Amino acid sequence: MLLNAILKRLLATVPVLLGVALFVFSLLYIIPGDPAALIAGDTATPEEIARIRSSLGLDRSFWVRFAEWLLQILHGELGTSIFSGMSVSHLIGQRLGPTLSLMSLTLVVAIVVAVPMGVLAAWKQGTMLDRLTMMGAVFGFSVPVFVVGYLLAYVFAVELSWLPVQGYRPLSDGIWEWLRHLILPSVALGGIYIALIARITRTAMLEVLSQDYVRTAKAKGLGQMNILFRHALKNAAVPVVTVIGIGVALLIGGAVATESVFSIPGLGRLTVDAILRRDYPIIQGVILFFSMVYLLVNLVVDMLYVILDPRIRY
Amino acid sequence: MNKLTKLVATLGIGIALLTALNANAQGVLKVRPSGDVKTLDPHITSDSMVRNYAYMVYDTLFAMDDKLQPQPQMVDQWDRSADGKVYTFTLRDGLKFHDGQSVTAADAVASIKRWAQKDGLGQQLISHTQALEALNAKTFKLTLNKPWGLVLDALAKPGAPVPFIMPAKVAESSTDKAIDSVVGSGPFMFKRDEWSPGSRLVFVRNPNYVPRTEPPSGFAGGKKVYFDRVEWLIINDHQTALDALRKGELDVHEEIAADLVESAKKSSGVKVVNQDNIGVAQQIRMNSLQPPLNNAKVRQAILRAVNGSEFMQAVTDDTSQYKVCASFYVCSSPYFTTAGFPKPDLEAAKKLVKESGYDGTPVVLLDAAENANIHAFVSYADQVLRSIGLKTDVQAMDWATVTSRRTNKEPMSKGGWSIFISGPGGLDFMEPNSHLGLRSNCDKAWFGWPCDEQIEKLRAEFTETSDAAKRKEIAASLQRRALEVVPYVPIAVQYQVRAYRANLVGQVNPPAPVYWAMRRQ
């Protein structure tokens, strides 16, 4: 039954992705800007620009270009960059490592910090610990990622020289090099995520901690930490997992700013650069890729519900 | 010689050899370039970043030295016939492409022809050419239909597109499509397998490159390479790039943002210099086809209203970063003249607006809001135009939209425009013939499409004479005529400021950043 549910959900992603593809393609078709003008350079004449536009096939009709792109996708291709001539799949592949590294480290940092924070804040509701946690959460939401990034870079990289200012090293360069280039960006990006998860965890825990079975567990003499992290947290996990899944979207958006501040060659920067240059195949390909990621993350979250709450069945 | 002396001599030679080897083994140079390449084909675009990349991997027949005089580069010997119509060029020995093939005269001929398809000066060269042919493997001949004084200037043209030399089989491809192969004969080789567009370009020393023996000068002279590897790291954030330079994660930061120059100057271990003494020509470009700026009096009014110093103060208060030239020629041009150029005068500008019969049509200003310089200029221009009685309509957009919108010749109701502000390289504003801004050949002119027969006549006269004094006269006459037509309004020359680690020495400063001659102390 679970397998059927998964298959149904996967099939349902196809029309969604088709809708996304049509929407993105249409949007890019109507926004102003011309990659041919950028390639031709500042001093090019309109005729030279028109020739380049024609050589790139950008003067063809909407439906011809859309059909060609759809056919490419059906063959597993996402098109070719107008500027570099490289395949979009190859470019995404180049940038996936840094983005996945940044996102996964941020996720780990956020969960490891935020979940216990939220649990403890709920346990000590109304105390200084609770208030400090909530203040921290407000700070995390309010201060933009790039401001936190600049501050961290100034203190830990420029002044203390503990960590590098910018750049990314793949795991093949050694785990420590990989990690030290990601610490500051992960902390910067994690702020908003920690804030979100901590608040939701606290709220969910407060509801669970007021349940009869928790009172019973205390009465039976179970240790506080045992009650909090083994019994209560498990029952509070559904909304927490939901917000972790939704937060993937936050991470991708926040990664753009973080990748710029710390010069990490990830998908966020690839997207922004492509938008500024109107490199349509990259924009289309990356948005389609992100859409697939969101849909898959939502699917994984939905499946996790089944594990966390046996009452949920599909 | 006794044994001790022999031993000392041997040790001395050994140390000298090791030092020489180490002097050449300078490792990696990390550079933050001022932008990213948009194509790998330097013949089809006037983009300056593509030109900068191409100077790494390609070479030219002639090149401009630091006095902007053409000098032989790939050419060993050349001569011109007594009637000035036949040029014969012989290539240097030992020139090889990165794939190991020798550079031949046929490659030179094919490359010149390809370059000339897109470049204005190249088109003039070809229009004066009766024949361009390889005589043998190393020699080629250019036969003109009449004497033309700009042959060497054309072959040494430093501004994009530059006449870089490619293998004939690549150069024979159409300029309607970018070349796919990157095979040059320059001092560096491009590592395409390590290229990450938008993130990093990597160049390695060309082991087969034979530099000239003269000292480096501008783009000319001996291009001796000391670094094994040069990495261009595309760091979009200016503050991050400056911090990286401070911490030694970068060696060179090209084009520092104007507001960070002061901070860079105070950084220890960092030197700050102007890239060159030519700069970029910041200007207000006007659309001569559509009202209200199709009225010459309105354009003259704007010229009188613009105070270059005040405009530049909107961007920086460091006066070493700019120079107001009060001329249509950049300050460092050999044809620089202030002949007839009026002083800024708002009252005179207001009077000209009244005299023009201005009917209140708004002046549409295209504001590339993400570019700090342009946004500051447009904001100030808006104030200035309103102060002399013009109505304005500032439209914010990104640079990509500006480059597309400015190609539109239609009225405002159909997406037209009146003004955009830009800073093309000063190299294109040096002399009447290749002057981007003064071209007034209507549809073929730069955006704004000024149309004036007299200016075109003067430009043609300039190219037909090689007499230096006469050329200066023509340049001054051209300026006086341009003050009546006003194809654009010069603001100032702004110098691109670069910063580098203080242990780097030997650099040359042509109008584009180059990485030969530079070494670490």
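I looked up A381(B) in this predicted model and, leaving aside its neighbours within four places in sequence, I found A381(B) in contact (C-beta atoms, placed from the backbone, within 7 Å) with I284(B), L365(B), I419(B) and I421(B). Local features need pLDDT of at least 70 and side-chain atom pairs count only at pLDDT 80 or more, while totals for chains, interfaces and linings use all residues; residues are numbered from 1 along each chain as its sequence is written, and chains are lettered from A in the order in which they are written.

I then turned to the largest nonpolar core, a set of buried Ala, Val, Leu, Ile, Met, Phe, Trp, Tyr and Cys residues joined through C-beta atoms within 7 Å, where buried means that 20 or more other C-beta atoms lie within 10 Å of a residue's own. Of its 227 residues, those touching the most other members include A381(B), I284(B) and I419(B), as well as I197(A). Helix α8 (residues 175–209) of chain A gives this core its largest share, 16 residues.

For chain B as a whole, I noted 15 helices and 21 strands, counted as DSSP runs (H or I, at least four residues, for helices; E, at least two, for strands). Buried residues account for 52% of the 521 residues in chain B.

Last, I checked where the chains meet: the contact takes 38 residues from chain B and 44 residues from chain A. On the side of chain B that touches chain A, α7 (238–246) and α13 (399–405) each supply at least two residues.

Note on methods. Buried ≥ 20, exposed ≤ 12 C-beta atoms within 10 Å, placed from the backbone. Contact = placed C-beta atoms within 7 Å.
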